[in-house]
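Visitor: I would like a close look at a single part of this structure, with its surroundings explained as you go. Please take your time and connect the details for me.

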Amino acid sequence: IADRISRHFKFRGGSYAVDTACASSLLAVATACALLAAGELDFVLAGGVDISLDPFELSGLALGGARAAGAMRIYDASPTGFLPGEGCGMVALMRAEDAIAAGMPRYADIAGWGISSAGRPGPAPADAGTQLLALQRAYQRAQIDPADIQLIEGDGRGTADADLAELTALSAIRSGATAAAALGSVKANIGHTKAAAGAAGLIKAAL
């Protein structure tokens with residue numbers, strides 16, 4: 001897909017797919033930002049697409065207890081699991097000064113990003129420690145105090161272990177905050193779009 005898009009628009013900077021499961025589209029964005037910051041590229045399309053073509057994937061999620069049987073409730077005392085979604089989310093990225101000079105519309109500035117891994121083979125359970133590490137790296141790069149953040153677009157997977165791990169990490173990074181922050185996840189609106197989920201959350205936050 002990445003190569004077809006690159007050929008269609010006659011881009012000359014290279015193209016490749018990133019596969020880190022549900023984090024794929026956000027890792028693509030982080031990789032693009034790093035290349036832009038380093039001056040290696042001037043314009044990047046990054047994002048993800050996911051469609052559910054395999055019925056065994058959906059039945060497997062249901063058997064594993066991750067799929068919601070009814071309404072999807074995120075960050076809830078009685079988690080339901082998630083509803084599978086499909087979608088495509090892409091963002092066009094440039095260095096801020098270049099976008100201003102070119103008169104391009106700007107919806108948001110990406111001040112920082114952070115990456116971590118559970119570091120275990122196979123499907124790893126949610127880990128608050130690794131999520132906290134990614135948050136710490138992102139805020140350090142952005143030079144922003146997490147206590148000042150007023151809106152958080154979270155993962156919000158709707159499963160007990162994932163939501164608890166995320167809330168634990170967010171509580172830790174915002175331990176010095178004196179004011180509340182709004183917390184939500186686009187998954188509650190469109191379902192879990194897997195490889196496209198991160199891009200969907202980024203677009204929601206930007207808009």
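**A close look at helix H2**

Guide: Happy to. Among the contacts in the chain with a separation of 6 or more, 69% join residues that lie 24 or more positions apart. Please keep in mind that this is a predicted model.

Let me set the scene before zooming in. The chain holds 8 helices and 4 strands, and their order along the sequence is α-α-β-α-β-α-α-β-α-β-α-α. The radius of gyration is 18 Å and the globule rule gives 17 Å for 207 residues, so the chain is as compact as a globular protein of that length. Along the principal axes, the C-alpha trace covers about 50 × 45 × 30 Å. Buried residues make up 31% of the 207. The area that the chain exposes is about 12300 Å², with 58% of it supplied by carbon and sulfur atoms.

The part I have picked is H2, which runs over residues 24–37. H2 has 14 residues, and from its first C-alpha to its last it reaches 20 Å, close to the 20 Å expected at 1.5 Å a residue. Its buried residues are Ser24, Ser25, Ala28, Val29, Ala30, Ala32, Cys33 and Leu36. Among the elements that cover them are strand E1 (44–50), strand E2 and helix H8 (197–206).

Start with the two serines. Ser24 has a relative accessible area of 5%, under the 20% cut-off, so Ser24 counts as buried. A polar atom of the Ser24 side chain lies 2.7 Å from the backbone oxygen of Ala21. Beyond neighbours within four places in sequence, Ser24 is in contact with Val18, Asp19 and Ala195.

Ser25, also in H2, has a relative accessible area of 0%, and therefore Ser25 is buried as well. Its side chain makes polar contacts with backbone atoms: a polar atom of that side chain is 3.1 Å from the backbone oxygen of Ala195, and the side chain also reaches the backbone nitrogen of Gly198 at 3.3 Å. Setting aside residues up to four places away in sequence, Ser25 touches Gly47, Gly48, Ala195, Ala196, Ala197, Gly198 and Ala199.

Now follow H2 to its nonpolar side chains. In soluble globular proteins, nonpolar side chains tend to be buried together. The largest nonpolar core here has 11 residues, namely Ala28, Val29, Ala30, Ala32, Cys33, Leu36, Val44, Ala46, Val91, Leu93 and Trp113. H2, E1 and E2 are the elements that each give two or more residues to this core, and H2 gives the most, with 6 residues. Val29 shows who the partners are: leaving aside neighbours within four places in sequence, Val29 is in contact with Ala46, Val91, Leu93, Ile110 and Leu202. Another core, of 7 residues, lies apart from this one, and Ile149, Ile152, Ala169 and Ile173 are among its members.

What happens where the helix stops? Just after H2, Gly39 takes a positive phi of about 80°.

One of the core residues of H2 leads us to Met94. Met94 sits in the loop between strand E2 (87–93) and helix H4 (96–101). Not counting residues up to four places away in sequence, Met94 touches Leu36, Asp42, Phe43, Ala99 and Met104. With 28% relative accessibility, Met94 falls between the 20% and 50% cut-offs, so Met94 counts as partly exposed. Arg7 is 87 residues from Met94 along the chain, and their C-alpha atoms are separated by 20 Å.

For a second helix to set beside H2, look at H5. Helix H5 covers 15 residues, 128–142, which should span 21 Å at 1.5 Å a residue; its end C-alpha atoms are 21 Å apart, which agrees. At the N-terminal end, H5 is capped by Asp127, with a side-chain oxygen 2.8 Å from the backbone nitrogen of Gly129. Thr130, Leu132, Ala134, Ala138, Tyr139 and Ala142 are buried in H5, and helix H6 (160–173) is included in what covers them. Just after H5, Gln143 takes a positive phi of about 55°.

To pull the picture of H2 together: Ser25 meets backbone atoms of Ala195 and Gly198, while 6 residues of H2 go into the largest nonpolar core.

Note on methods:
Residues are numbered from 1 along each chain as its sequence is written. This is a predicted model: local features need pLDDT of at least 70, side-chain atom pairs count only at pLDDT 80 or more; totals for chains, interfaces and linings use all residues. Side-chain values use heavy atoms; hydrogens and water are left out. The expected span of a helix is 1.5 Å times one less than its number of residues. Buried means under 20% relative accessible area, exposed over 50%, partly exposed in between (1.4 Å probe, protein chains only). Contact means heavy atoms within 4.5 Å. A polar contact is a pair of N or O atoms within 3.5 Å; within protein, one must be able to donate a hydrogen and the other to accept it, and residues adjacent in sequence count only if both atoms are side-chain atoms. The radius of gyration is taken over C-alpha atoms; the globule rule is 2.2 Å times the number of residues to the power 0.38. Accessible areas come from the Shrake-Rupley method with a 1.4 Å probe; for residues, only the protein chains shown count as cover. A nonpolar core is a set of buried Ala, Val, Leu, Ile, Met, Phe, Trp, Tyr and Cys residues joined through side-chain atoms within 4.5 Å.
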